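Work through the exercises below with the sequence and the 3D view at hand. Each task is followed by a solution in steps.

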Amino acid sequence: MTWMQYLAPLLKGAQVTVMISLASIFFGAILAFAAGIARTSSNRVLSGIAFVYVVLFRGTPLLVQLFWFYYALPLIGISFDPVTTGITVLSLLTGAFGAEVVRGALLAVPPAQLEAARALNFSKSYTLWHVSMPQAIIEMMPAFGNLAIQNLKDTALVSLISIADLTFQAQSLRNITLDSATVYTLTLVGYFMIALCLMFVMRFIEMKLRRGPAFPRSAHS
Amino acid sequence: MTSIIRFENVTKRFGALTVLDNFNFEVQRGEKVTLIGPSGSGKSTVLRILMTLEPFQEGLLEIDGISYHEPNGRGPFKASEKHLHKIRSNVGMVFQSFNLFPHMTVLRNIVEAPVAVLKMKRDEAESRATELLRMVDLYDKKDHFPSQLSGGQQQRVAIARALAMRPRVLLFDEPTSALDPQLVGEVLGVIRNLAQEHDLTMLLVTHEMRFAREVSDRVCFFDKGRIVEQGGPEQFFSNPQQPRTREFLSSFLGEQAPSRESLRRVQ
Amino acid sequence: MMYGYTWDTSTPLTFALSILPILGIGLLVTLKAAAVGYAIALVLGLVLALLCRSKSRLISWTVTGFTEFVRDTPLLVQLFFLYYVLPEFGIVLPAFMTGALALGLQYSAYTSEVYRGGIGAIPRGQWEAATALNLTRLQVYRDIVVPQMIPRIVPALGNYLISMLKETPVLSVVTVLDMLGLANMIGERTFEYLVPLSMVGLIFLPMTFICSALVYMIERALPKSGIPLR
């Protein structure tokens, strides 16, 4: 086998990696907004639940979470297929980190803006969605970009619960060919290229959001 | 005339600091009142309490016959959103730092609240906004964003935004303090025109003494959470009774000796 | 039985308590790996950051590309790379050292970014003033740059230590018997994964929580304008 022949299985794995990464970024973003908003809520129960969720998933290693969902949960009768498990755990992890980004950005909206909204008699939820969120979401983008890359890298761990992602394919190839240097170099380059695409997409979204004269500040200011 | 605002023995504390101490104050319907005094004297706090931005600890406060306390006796800041909503529908506020929404165009800034809160139809709200923008002479900027306007222009939009909600009481919290000196005039011009409106009650916190004298029906001098002296502008500025008032006014006019004559001459 | 300790699977609680000493041994391995990895990350990151400021375009671009590459690729694959490829070049390290090296390499990409940000945040005027005073390069870094940099970089570096701590369980994949490795082994022998895995999570939680609180306290305690020199 030459390195050209490695490409087919690696590409197959890369597809799985991209699929899992995109799915868990998507669900993670939903969780991030839900938990981030709940964290800033004045409802104690809601913010309490969100706090526990964030602390649990930020405070424990991803690999422990993965194994826990994969090996431990079936012992008490809850089991999913590996791909569902992988996407669920990665979404929960990304959501927990994202929740802190959302919360931080919401808290960074100048209090004067909230006072103006109050003086105009906006309801709390109207203020959140029409005053705070449009301003906060732009501030979240750089951090979300980093989280997306982190998520992509984290997907490599799903190979350990038998999902045939890029890392898993690399492992199988190595075991067959024993050509470690080539296989892993190609794999790393593969991840790097996916990461570059992901970064490009995130920058593009940020640029779209930042477009127009409303926010003349440059990115990352 | 009937009073539209009534403070009765209102006490407001920030922690150990008492900002308003058994404060009593009434404003008549349509009256234009200027609040002056050194910073930290509590004048802005009066406006912020009226706008429900700050709670107070003791006393009674009524606006247009509605108590800030809910009938069931709970304090105003444990009052339901519904009750606060009712109070705020009478009051508008213009802030020192304008506080326009940066992500909305000028027109949208003005239209947003009438549509979202008053449930006005959008085209109706827009024609009203157009009218207001003409009034503040900024119709040509309606599609600009706040960051593209000068401070004076932003403040004029903020005044239009507050007026779009048709408040009975309009509060101005140092509306020109954040502006470059050459931009102060255009904002004062707009406020001066508003002061002609008969049934709009205005409370104005400002350091523009000449302007206060010109537009107000009554001037109140605040010091340490109390009104030390108040009266009609002519009498207040030309013949202040209290030494503390004289001292304050003279410091403002850059005079060494706080004599009544020198005050009169400068004005 | 493991390391001379036996487990008692009669109830989840007795099971959890009986494997605690075993996991304790794993915890030491986890902490050691994080410590060695972090030391590598701090030093290697500094070297990368300084090389990045090199006047030679070739060096600075190569180093920038390298750190970007390391930062955007998974630790697990880098670990496999080191674990399987280094021996082909005659470098045979124990699994623990390979693991610590992989951790250090990955996080050096992060720390170099922190150092660069810290140096970059020193206002231009400070460099110019130092030049005007005719200070040597060493004096500039020792007396001007580093004291002002510390309040900026210490919190970020601390947070990366916490992240790294949470990534050490990956080392169990290359046979390092850290906490997770031992928990998995107990699971294999007892067919009872829930308790050992939960225990690992429960041990990590207070560790990361306390470390975060510490970083926060240090951040608050550091003078914003820099370490005072008298």
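## Exercise 1. The contact of chain A and chain B

Task: In this predicted model, find how many residue pairs are in polar contact across the interface of chain A and chain B, and describe the side that chain A contributes.

Solution.

Step 1. Seven residue pairs, both members at pLDDT 80 or more, are in polar contact across the interface of chain A and chain B.

Step 2. On the side of chain A that touches chain B, α5 (111–119) and α6 (124–154) of chain A supply at least two residues each. The largest share is that of α5(A), with seven residues. Sorted by class, this side has 13 nonpolar, four polar and three charged residues.

Step 3. In total, 20 residues from chain A and 28 residues from chain B take part in the contact. The buried area is about 2,100 Å², and carbon and sulfur atoms give 61% of this area. Of the area that chain A buries against chain B, 32% is supplied by Arg118(A), Leu120(A) and Asn121(A), more than by any other three residues.

## Exercise 2. A salt bridge between chains and its network

Task: State which residues form a salt bridge across the interface of chain A and chain B, and which residues are linked with them in a network.

Solution.

Step 1. The rule finds one salt bridge across this interface. Its partners are Arg48(B) and Glu115(A), whose closest N and O atoms are 2.5 Å apart. The cut-off for a salt bridge is 4 Å, so this distance qualifies.

Step 2. Within chain B, Lys12(B) and Glu54(B) also form a salt bridge, at 3.5 Å from N to O. Lys12(B) belongs to strand β1 (residues 3–14) of chain B and Glu54(B) to the loop between α1 (43–50) and β4 (58–63) of chain B, so the pair ties together parts 42 residues apart in sequence. Both Lys12(B) and Glu54(B) are buried.

Step 3. Salt bridges link Glu115(A), Lys12(B), Arg48(B) and Glu54(B) in a network.

## Exercise 3. Two further salt bridges in chain B

Task: For the salt bridges Arg218(B) with Glu31(B) and Glu234(B) with Arg213(B), say which parts of chain B they join.

Solution.

Step 1. The closest N and O atoms of Arg218(B) and Glu31(B) are 2.8 Å apart. Arg218(B) is in strand β9 (residues 218–223) of chain B, and Glu31(B) is in the loop between β2 (17–28) and β3 (32–36) of chain B, so the pair ties together parts 187 residues apart in sequence. Arg218(B) and Glu31(B) are both buried.

Step 2. The side chains of Glu234(B) and Arg213(B) meet at 2.8 Å, N to O. Glu234(B) lies in helix α8 (residues 233–238) of chain B and Arg213(B) in helix α7 (residues 209–215) of chain B, 21 residues apart.

Step 3. Glu234(B) counts as partly exposed because its relative accessibility is 48%.

## Exercise 4. A covered strand

Task: Is strand β8 (residues 201–205) of chain B mostly covered or mostly open, and which strands pair with β8(B)?

Solution.

Step 1. Strand β8(B) is mostly covered, since five of its five residues are buried.

Step 2. Thr201(B), Leu203(B) and Val205(B) point to one side, and Met202(B) and Leu204(B) to the other; both faces are covered.

Step 3. β3(B) runs parallel to β8(B) and is joined to β8(B) by four bridges. Leu35(B) stands opposite Val205(B).

Step 4. Strand β7 (residues 169–173) of chain B also pairs with β8(B) in the parallel sense, over five bridges. Here Leu171(B) stands opposite Leu203(B).

## Exercise 5. The contact of chain A and chain C

Task: Describe the fold elements of chain A and the contact that chain A makes with chain C.

Solution.

Step 1. Chain A has eight helices and zero strands. Of its 221 residues, 51% are buried.

Step 2. The contact joins 37 residues of chain A to 36 residues of chain C. About 3,100 Å² is buried between these chains, with 77% given by carbon and sulfur atoms. Lys153(A), Leu188(A) and Phe192(A) supply 19% of the area that chain A buries here, more than any other three residues.

Step 3. The rule finds zero salt bridges across this interface, but eight residue pairs in polar contact, both at pLDDT 80 or more.

Step 4. The helix α8(A) gives the most to the side of chain A that touches chain C, with eleven residues. By class this side has 25 nonpolar, nine polar and three charged residues.

Conventions. Residues are numbered from 1 along each chain as its sequence is written. Chains are lettered from A and ligands numbered from 1 in the order in which they are written. This is a predicted model: local features need pLDDT of at least 70, side-chain atom pairs count only at pLDDT 80 or more; totals for chains, interfaces and linings use all residues. Side-chain values use heavy atoms; hydrogens and water are left out. Contact means heavy atoms within 4.5 Å. Buried area is the accessible area (1.4 Å probe) that two parts lose on being put together, summed over both. A polar contact is a pair of N or O atoms within 3.5 Å; within protein, one must be able to donate a hydrogen and the other to accept it, and residues adjacent in sequence count only if both atoms are side-chain atoms. Ala, Val, Leu, Ile, Met, Phe, Trp, Tyr, Cys and Pro count as nonpolar, Asp, Glu, Lys and Arg as charged, and the others, Gly among them, as polar. Buried means under 20% relative accessible area, exposed over 50%, partly exposed in between (1.4 Å probe, protein chains only). Two strands pair if DSSP finds at least two bridges between them.
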